[in-house]
Amino acid sequence: MTLTRAALFSVLALALASCNGGNEERDISGAPVALPTIGSSGGALSNVQAKQLFGEKPRPSGQSSAAFGSYAKGCMAGGTQLAETGPTWQAMRLSRNRNWAHPETVDMVQKLSAFAAKQPGWEGLYVGDMSQPRGGPMLTGHRSHQIGLDADIWMLPPSRLNLTAKEREGISSISMRRAKGAYVNKDWTRAHHEILKAAAKDPRTARIFVFPGAKVQMCQDEKGDRSYLRKIRPWYGHHYHFHVRLKCPSGARGCTDQTPPPAGDGCADAVQWQQNILNPPPPDPNAPAPKPRRELLLADLPAQCQSVLDAN
């Protein structure tokens with residue numbers, strides 16, 4: 001199914017504002033999911049913004065690893081820290097304390113970085129935001145990344161992996177886009193293609209968000225197996241990094257997967273996104289005004305998040 005010009009315009013504002021990538025409140029069949037929430041059982045904290053409570057936790061909970069809720073409304077028990085520096089990676093922006101995730105995500109990042117280190121001009125990966133120590137809504141930035149199954153990978157090829165903490169605060173990734181994201185620029189390489197391909201081929205990966213021009217370029221360049229392209233999803237804003245999202249771990253209870261991508265390689269949809277960037281559709285005069293997005297309260301989160309917040 002092709003993304004129409006009108007549909008693309010209607011989601012543009014949301015897409016530019018977040019690293020979310022779509023509706024999370026649905027199960028694998030696409031049916032709406034209503035998870036039990038904390039509600040009033042949070043006592044005096046029920047009406048406190050959840051980002052304040054989870055953002056102030058410096059360490060993970062002493063629980064078994066688990067993802068609760070959905071990518072944009074949930075939390076993480078027993079988070080695992082991606083080491084600040086490894087043989088083929090460095091975690092960036094350490095002051096944010098967002099190099100925590102579910103163990104499966106940490107393992108995926110480590111294995112992907114080892115693959116990246118074999119690419120020409122790459123020493124490994126610079127890893128951006130994953131999750132807070134206990135997941136949950138973040139004080140700034142993402143609406144997703146709440147259950148430890150999301151990771152941002154910088155587009156900048158690491159030239160060295162001995163950056164100091166101070167250097168990691170000052171260095172920036174590089175943009176891969178041209179013409180507002182309709183095309184890749186001169187910094188895009190085959191290595192970028194191969195690294196995204198390797199991430200998509202990991203069976204744990206649900207989808208990868210990247211700017212439309214990169215998806216179009218990958219569709220044009222791929223001459224072999226194209227099945228993995230289904231997981232590469234065009235989404236605005238992802239030109240300094242790409243965003244890997246894992247499925248809920250096998251057997252996980254209380255974790256809600258995002259609706260799977262549509263069947264097929266998605267290349268026609270990506271071209272449609274590209275065309276709408278080059279020739280923006282006119283605004284729909286009958287479109288309803290966007291509703292302000294309310295900050296999540298502790299009461300809104302899955303019931304399991306109360307124990308995650310309270311645990312030592």
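**Entry 1: strand 13 and its partners**

I began with strand pairing and noted that strand 11 (residues 205–210) runs antiparallel to strand 13, the two being joined by 4 bridges. Within that pairing I looked up F209, whose bridge partner in strand 13 is H243. I keep in mind throughout that this is a predicted model.

I then turned to strand 8 (residues 150–154), which also runs antiparallel to strand 13 and is joined to it by 5 bridges. Here I picked out I153, and its bridge partner in strand 13 is F242.

How many residues of strand 13 are buried? I found 6 of the 6 to be so, and therefore strand 13 is largely enclosed by the rest of the structure. I checked the two sides separately: H241, H243 and R245 lie on one side, F242, V244 and L246 on the other, and all are buried, so that both faces are covered. I remind myself that side chains in a regular strand alternate between the two faces of the sheet.

**Entry 2: the surroundings of S173**

I looked up S173 next and placed it in the loop between helix 4 (165–170) and strand 9 (177–178). Is S173 buried or exposed? Its relative accessible area is 12%, and because buried means under 20%, S173 counts as buried.

Setting aside neighbours within four places in sequence, I listed the residues in contact with S173 as W154, M155, L156 and Y240. Two polar approaches of the S173 side chain went into the notebook: one reaches the backbone oxygen of Y240 at 2.8 Å, and the other reaches the backbone nitrogen of M155 at 3.3 Å. I also recorded the C-alpha to C-alpha distance from S173 to G128, which is 9.5 Å, with their positions 45 residues apart in sequence.

**Entry 3: disulfides**

I counted 3 disulfides. Counting the bonded cysteines along the chain, I wrote their pattern down as 1-6, 2-5, 3-4.

For C75 and C305 I noted a sulfur-to-sulfur distance of 2.1 Å. C75 lies in strand 2 (residues 73–77) and C305 in helix 8, so this disulfide ties together parts that are 230 residues apart in sequence. The torsion about the S-S bond of C75 and C305 is about -100 degrees, so I entered the disulfide as left-handed, and I found both cysteines buried.

For C219 and C267 the sulfur atoms are 2.0 Å apart. This pair links distant parts of the chain, with C219 in helix 6 and C267 in helix 7, 48 residues apart. The torsion about the S-S bond of C219 and C267 is about -90 degrees, so this disulfide is left-handed, and C219 and C267 are both buried.

For C248 and C255 I recorded a sulfur-to-sulfur distance of 2.1 Å. Their S-S torsion is about -80 degrees, so I marked this disulfide, too, as left-handed, and I noted that C248 and C255 are buried.

**Entry 4: salt bridges**

I found 15 salt bridges in the structure and followed some of them residue by residue.

In the salt bridge between K51 and E295, the N to O distance is 3.2 Å. K51 sits in helix 2 (residues 50–55) and E295 in the loop between helix 7 (267–278) and helix 8 (304–310), so that distant parts of the chain, 244 residues apart, are linked by this pair. How accessible are the two partners? K51 is buried at a relative accessible area of 14%, whereas E295 at 38% is partly exposed.

The salt bridge between E222 and K197 has its closest N and O atoms 3.3 Å apart. E222 lies in the loop between helix 6 (212–221) and strand 12 (232–234) and K197 in helix 5 (residues 190–201), so the pair ties together parts 25 residues apart in sequence. I noted both residues as buried.

For D265 and R226 I recorded 3.4 Å between the closest N and O atoms of the salt bridge. D265 lies in the loop between strand 13 (241–246) and helix 7, and R226 in the loop between helix 6 and strand 12, so parts 39 residues apart in sequence are tied together. Both come out as partly exposed, D265 with a relative accessibility of 27% and R226 with 28%.

My last note here concerns a network of salt bridges that links E104, D107, K111, D202 and R204.

Methods:
Residues are numbered from 1 along each chain as its sequence is written. This is a predicted model: local features need pLDDT of at least 70, side-chain atom pairs count only at pLDDT 80 or more; totals for chains, interfaces and linings use all residues. Side-chain values use heavy atoms; hydrogens and water are left out. A salt bridge is a side-chain nitrogen of Lys or Arg within 4 Å of a carboxyl oxygen of Asp or Glu. Buried means under 20% relative accessible area, exposed over 50%, partly exposed in between (1.4 Å probe, protein chains only). Two strands pair if DSSP finds at least two bridges between them. Contact means heavy atoms within 4.5 Å. A polar contact is a pair of N or O atoms within 3.5 Å; within protein, one must be able to donate a hydrogen and the other to accept it, and residues adjacent in sequence count only if both atoms are side-chain atoms. A disulfide is a pair of cysteine sulfur atoms within 2.5 Å.
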